[in-house]
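Please open the model in a viewer and keep the selection tool at hand. The tour below moves from one aromatic contact to the next.

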Amino acid sequence: MKKLSIIRKITNVITVIGYCLLVIGTASCEDMFDTDSNRQIFDPALDQKTDSMFYTLGILKGLQLAADQYVMQGEMRGDLVATNQYTETDLRQLANFSATTTNKYDSAYVYYRIINNCNYYIAHRDTSLRTGSQQVALPEYAEALAVRAWAYMQLCKTYGSVPFFTNPLVSIGDADSQKDWKDLQGVCDALAPELMRFSGTRVPSYGNISAGVLNSSDSDNPQEKTVNSERAMLPVDLVLADLFLETHQYAQAAKYYFNFLRTNEWVIRQAYIDIDSYLMLILEDKIPSSMSFNVTGDAFAWSSIFNITNSNDIITYIPMAANILRGAVTELPRYFGYDFYSTTGGSASSNERYLLERQVDASPSYIALSDAQEYYYTPTAATGGSTIVRTAELGDLRRLMTMRQVAKDDSVYSVMIKFNSANIPIYRTATVYLRLAEAINRMGYPDAAFAILKDGINPELLTYELRGDSTDLEAHRYIRPQTTQLLTSTLPFLSEENQMIFEENWGIHSRGTYYTQGSFSPYQYDTEIAKKLARLNTANFTMADTIDAVEDIICDEMALELAFEGNRFGDLTRIARHKNQAGQYGSNYGSQWLAQKLAYKHPVVDLTNEQNWYLPFK
């Protein structure tokens, strides 16, 4: 009966008995993803070349309706947030694992709506349509496959095992016939083979799509904003890589992360925290007088990542409307302390828009992790022609930009600024490289994984450098010969063909702590691993110990770089399952690791039992 209830919801709301009706063009002309078309699509043959765009944009509307749940489920159950006196009951229940089927953020339906629309498109689209030699429907067909797989992946991460169907449901009779349930491995086995056929397929591109939003500098002046249609799509290779990573198929995951990065030429750009007057005031007692804040000319401010119009980092995001008349809206800015939809709160950058009555705060563990990081800098006047790198106890500066302190109404509090534009990032370049590091590490290459954090995977890893005043040339000693082989052949970032593409790759950790590259920085492979391995109280470390330690370092970096974007609980549970499968410290070590990270939340269930990681299915 539980299964039939959810399937009946799908059929009643998504489809009409007898045929599937997707109405794209009857919404307001200012609706998000509006195509300026009055066309209604009734023909299940989908035999017109222009049909794909209307259906694809209709599918993407479903992602908007899932956005708030995606973020709140991922963050409220993770270790980076804390509740406060203003937190509503549904969010509080997510945080302490007491949520029931009445919780408004427990809805499998929001994903099944997406899945059923994808199933309909996949079943009926004529993929043989051509313009000249080009098969014009294939990018949209591949996108529907990717979105469907992504939605099933979210369902399995939330509920464990879920009803699975790939045919479109158009009647209650169809619903009654569904008997198949699958977990993550089952979904991967069922969907990955077809996705693999479309590896390397570029996402559909319709140019810029008009959508009404509030101008970022004038809240009283509604402006038209263009949504980059490519940035609203889910790339096939990334969804495929995620499926393999979730199911511990590390080499396959790494392969498809690489395929995406190589095909699209994405690198980790050098980003920095702009030490403006705001940070100067906060850090004035900690900043050494000799500190240099020089950055290279092509670097960009890390905070600008979240400004969609000039982001160098966001691959996929869900753009939300400026108000309900223009499409789907989001509560996320308000939950984190920003009134995006205010019509009386002054300009978008005004303190008047910040809310004391925020629903979500940063957790003590997130603040402690950030404060524990060291900031590496070069003195203003280096001497002797050598590179000098020193350490300052500033912590990771990304926290001070993510959780910005606000003084208002005789109170000082912190609000999260990543959703101030009401856009929700799904994939960023940093997301992809951190998951690649996770996969490479579990493949047995912790040095390559650490390089993604420290130096970036770039040709410098293959060269020699002059250290200090010494005339001796030495290599990046932490990179082993077998790792060089990996990076020049199996995952050929550094092959002769690809070196030029990745020569500007930077280490992710430098985004919050600045000078991490090379042998001059105190941020070194052996040093950071030793900090994590100190808990073992032994000098006889194995490769398995090192892999586990680097995995913890990557997990920390995910917190520092991706905090509050909706990934966290999924990252924790996936890594916990890696640790359980490895069995390095016992078959339940990962579950104990997870429970310890979340102990401060006082969960009402035993999190060492994996079944308690899932929400009740409804």
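**Aromatic contacts**

Select Tyr120 to begin: this residue is buried, with a relative accessible area of 2% (buried means under 20%, exposed over 50%, partly exposed in between, for a 1.4 Å probe and protein chains only). The model is predicted: local features need pLDDT of at least 70, side-chain atom pairs count only at pLDDT 80 or more, and totals for chains, interfaces and linings use all residues. Residues are numbered from 1 along each chain as its sequence is written, and side-chain values use heavy atoms, with hydrogens and water left out.

A search of the whole structure yields 30 aromatic pairs. Rings of Phe, Tyr and Trp (its six-membered ring) pair if their centres lie within 6.5 Å; planes under 30 degrees apart count as stacked, over 60 as edge-to-face and the rest as tilted.

Add Tyr55 to the selection. Tyr55 and Tyr120 are stacked, at 6.0 Å centre to centre with 15 degrees between the planes. Tyr55 is buried, at 0% relative accessibility.

Next, select Phe450 and Tyr478. Their ring centres are 6.1 Å apart and their planes stand at 90 degrees, so the pair is edge-to-face. Phe450 is buried at a relative accessible area of 0%, and Tyr478 is also buried, at 9%. Extend the selection to Tyr376, Tyr523 and Tyr525, which ring pairs link with Phe450 and Tyr478 into a cluster.

Finally, select Lys182, which lies over the face of Phe164 at 5.3 Å from the ring centre (NZ of Lys or CZ of Arg within 6 Å of the ring centre and within 35 degrees of the ring normal). Lys579 lies over the face of Trp593, at 5.1 Å from the ring centre.
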